[in-house]
Amino acid sequence: MLMRTDPFREFDRLAQQVFTNAAGTWSRPTAMPMDAYRAGDEFVVAFDLPGVDPDAIEVNIERDVLTVKAERRPTRTDQSVEMQVSERPLGVFSRQLFLGDTLDTDQIKAAYDVGVLTLRIPIAEQAKPRKIEISGGQDTRKEINA
């Protein structure tokens with residue numbers, strides 16, 4: 001299960017994004033949008049990172065905290081090119097997820113395609129439902145769902 005804590009952290013990030021026009025830095029990154037859902041025996045988390053070079057993305061896990069950081073750098077242009085419109089925010093983006101102990105953090109898979117970083121986090125075997133056999137005094141066997 002994915003867990004979220006500190007609801008004020010997201011509020012602070014949103015307020016910073018709305019009231020300031022500053023780019024995120026490594027010490028004060030801005031938020032990145034994400035979707036998270038369960039699909040079968042795994043959780044899928046998708047982060048929107050359009051225009052980010054895959055080499056500028058870091059995914060780390062320490063204990064039960066998954067951290068994603070990415071940096072959108074300015075597009076390199078020739079000196080003779082003058083930028084007319086630049087609306088995509090630049091800087092550092094970050095997101096932390098607190099993972100429950102029912103997830104298998106050793107088997108996380110990451111893929112980056114068309115501006116979306118997708119993480120697949122499988123559910124640990126010990127957390128999956130299983131059947132337990134019950135034997136009776138008369139050698140009759142029954143199965144129940146655990």
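How many bridges join β6 to strand β7? There are 8 of them, and β6 and β7 (residues 91-99) run antiparallel. Before going further, a word on what you're looking at: this is a predicted model, where local features need pLDDT of at least 70, side-chain atom pairs count only at pLDDT 80 or more, and totals for chains, interfaces and linings use all residues. Residues are numbered from 1 along each chain as its sequence is written, and side-chain values use heavy atoms, with hydrogens and water left out.

Strands here are DSSP runs (E, at least two residues), numbered from the N terminus, and two strands pair if DSSP finds at least two bridges between them. On another side of the story, β6 also pairs with β5 (residues 57-62), antiparallel over 6 bridges. β5 and β6 make a hairpin with 2 residues between them, and arginine 63 in that turn has a positive phi of about 55°.

Take valine 68 as your landmark in β6. Its bridge partner valine 59 is one contact point, and valine 68 also stands opposite arginine 95 in β7. Strand β6 spans residues 65-72, and 6 of its 8 residues are buried, so β6 is largely enclosed by the rest of the structure. Buried means under 20% relative accessible area, exposed means over 50%, and partly exposed is in between (1.4 Å probe, protein chains only).

Threonine 67 sits in β6 too, and it counts as buried at 17% relative accessibility. Its side chain makes a polar contact with the side chain of glutamine 96 at 3.2 Å. A polar contact is a pair of N or O atoms within 3.5 Å; within protein, one must be able to donate a hydrogen and the other to accept it, and residues adjacent in sequence count only if both atoms are side-chain atoms. Arginine 95 lies in β7 and is buried, with a relative accessible area of 8%. The arginine 95 side chain reaches the backbone oxygen of methionine 32 at 2.5 Å.

Now for the nonpolar interior. A nonpolar core is a set of buried Ala, Val, Leu, Ile, Met, Phe, Trp, Tyr and Cys residues joined through side-chain atoms within 4.5 Å. The largest one has 19 residues, and Phe47, Leu49, Leu117 and Leu119 have the most contacts inside it. Two or more residues come from each of β4 (42-48), β6, β7 and β9 (116-122). Leaving aside neighbours within four places in sequence, leucine 117 is in contact (heavy atoms within 4.5 Å) with residues including Phe47, Ile57, Val59, Val68 and Tyr112.

Next, find the open sheet: 4 strands in the order β3-β4-β9-β8, with antiparallel pairing. β3 (34-39) and β8 (109-113) are the edge strands, each pairing on one side only. Inside the sheet, β4 and β9 pair over 7 bridges, and aspartate 48 stands opposite valine 116 in β9.

Finally, the charged pairs. The whole structure has 2 salt bridges, each a side-chain nitrogen of Lys or Arg within 4 Å of a carboxyl oxygen of Asp or Glu. In one, arginine 120 meets glutamate 42 at 2.8 Å, N to O. Arginine 120 lies in β9 and glutamate 42 in β4, so the pair ties together parts that are 78 residues apart in sequence. Arginine 120 is partly exposed at 36%, and glutamate 42 is partly exposed at 22%. Arginine 73 and glutamate 71 also meet in a salt bridge, at 3.4 Å, N to O.
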